[in-house]
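User: Please take a close look at one part of this model. Pick the part yourself, and keep the account connected.

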Amino acid sequence: MKKIIALCLALILVLSTVGCNKGNVNNVNITDWEHSEIYSDEDIQSAITVVMDYFKSEFEGCTLTSISYPGDSSADEFIEWAEQYEADEAIVLYSSFDVDASGGDGSLNPNSTYNGFKWILTRSENGPWEHKTHGYG
C-alpha cells in the first residue's frame, strides 16, 4: 500500500511540474557565435539557459524559435546595462519567437512573430546570470 501511495504522489508531482511550463522551447535554434574575448562559451550558454527557462515559465502560448549572442561588437551596450543594474557584467542576447492565437498573456500580437527581441542579463562576481529585462529598444 505504501508503494502505491508513493507512486501516486510521484505521479502527481511529475504532472504538476509538466503543467508549469508555459512557453515552448523544445526546438530552439541556438545560433553559433564567434569566439568571444569577453565571455567563455560556458558563460554564453548559461545566459541562454536563463533566457530559455524564463521564456518557458512566462511566455504562455509562445514558441521560442531562435536565440543568439550578437558578438563582442556590442560590448559598449554590455557596459551600459551593467552600470544601469549596478552589476559587474551584462550580456545581451537576441531571440525570435512565434505567438499563437491567444496572444500570449494578452500583451503580444496574436498569430505573429517577434524578431530581434532583446534579453538583458547581469551578474556580479562571476555569479549566475540574472534576467533583468527583455523587449525592444
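Analyst: A salt bridge here is a side-chain nitrogen of Lys or Arg within 4 Å of a carboxyl oxygen of Asp or Glu. That cut-off matters for the part chosen, strand β4, and for what it joins. One caution: the model is predicted.

Start with the network. Salt bridges link D43, E89 and R123. R123 is the residue that meets both acids. With D43, its side chain makes a salt bridge of 3.2 Å, N to O. R123 lies in strand β4 and D43 in helix α2, so this pair ties together parts 80 residues apart in sequence. With E89, the R123 side chain makes a salt bridge of 2.7 Å, N to O. Here, too, distant parts of the chain are linked: R123 in strand β4 and E89 in strand β3 are 34 residues apart.

Is R123 buried or exposed? The relative accessibility of R123 is 7%, so R123 counts as buried. D43 comes to 17%, and because the limit for buried is under 20%, D43 counts as buried as well.

A further salt bridge also involves β4. The side chains of E77 and K118 meet at 2.6 Å, N to O. E77 sits in helix α3 and K118 in strand β4, so this pair ties together parts 41 residues apart in sequence. Both E77 and K118 are buried. The whole structure holds four salt bridges, and the pairs described above are among them.

Now the strand itself. β4 spans residues 112-123 and is mostly covered, with nine of its twelve residues buried. In a regular strand, side chains alternate between the two faces of the sheet.

β4 pairs with β3, residues 89-99. The two run antiparallel and are joined by ten bridges. One register point: V99 has S112 of β4 as its bridge partner. The loop between β3 and β4 contains A101. A101 is exposed, at 57% relative accessible area. Leaving out residues up to four places away in sequence, A101 touches P110 and N111. For A101 and N111, the C-alpha atoms are 5.0 Å apart, although ten residues separate them in sequence.

β4 also pairs with β5, residues 130-135. This pairing is antiparallel, over five bridges. A register point here: W119 has H134 of β5 as its bridge partner. β4 and β5 form a hairpin, with six residues between them. In that turn, E125 has a positive phi of about 50 degrees.

Step back to the sheet. Five strands form an open sheet in the order β1-β2-β3-β4-β5, with mixed pairing. β1 (29-30) and β5 are the edge strands, each pairing on one side only. The parallel part includes β1 and β2 (residues 62-68), which pair over two bridges. There, N29 has S66 of β2 as its bridge partner.

Helix α2 packs on this sheet and touches β1, β2, β3, β4 and β5. The direction of α2 makes about 120 degrees with that of β4. Helix α3 packs on the sheet too, touching β3, β4 and β5. The direction of α3 makes about 100 degrees with that of β3.

Which residues of α3, residues 75-84, are buried? They are E77, F78, W81 and A82. Seen down the axis of α3, these fall within an arc of 135 degrees, so they line one face of the helix. That buried set packs against β3, β4 and β5. The face turned away carries the exposed residues D76, E80, E83 and Q84. E77 is thus on the list of buried α3 residues and is also the salt-bridge partner of K118. After α3 comes E86, with a positive phi near 50 degrees.

α2 covers residues 41-58 and includes K56. K56 is partly exposed, at 27% relative accessible area. The C-alpha atoms of K56 and N24 are 5.9 Å apart, with their positions 32 residues apart along the chain.

To pull β4 together: it pairs with β3 over ten bridges and with β5 over five. α2 and α3 both touch it, as the packing contacts show. Salt bridges add to these contacts, with R123 meeting D43 and E89, and K118 meeting E77.

Terms used. Residues numbered from 1 in each chain as written. Predicted model: local features only at pLDDT ≥ 70, side-chain atom pairs only at ≥ 80, totals over all residues. Heavy atoms only, no water. Buried < 20%, exposed > 50% of the residue type's maximum accessible area, 1.4 Å probe, protein only. Helix = DSSP H or I, 4+ residues; strand = E, 2+ residues; numbered from the N terminus. Pairing = 2+ DSSP bridges. Arc of directions from axis to C-beta. Contact = heavy atoms within 4.5 Å. Axes fitted to C-alpha atoms, helices over the stretch in contact; angles between N-to-C directions.
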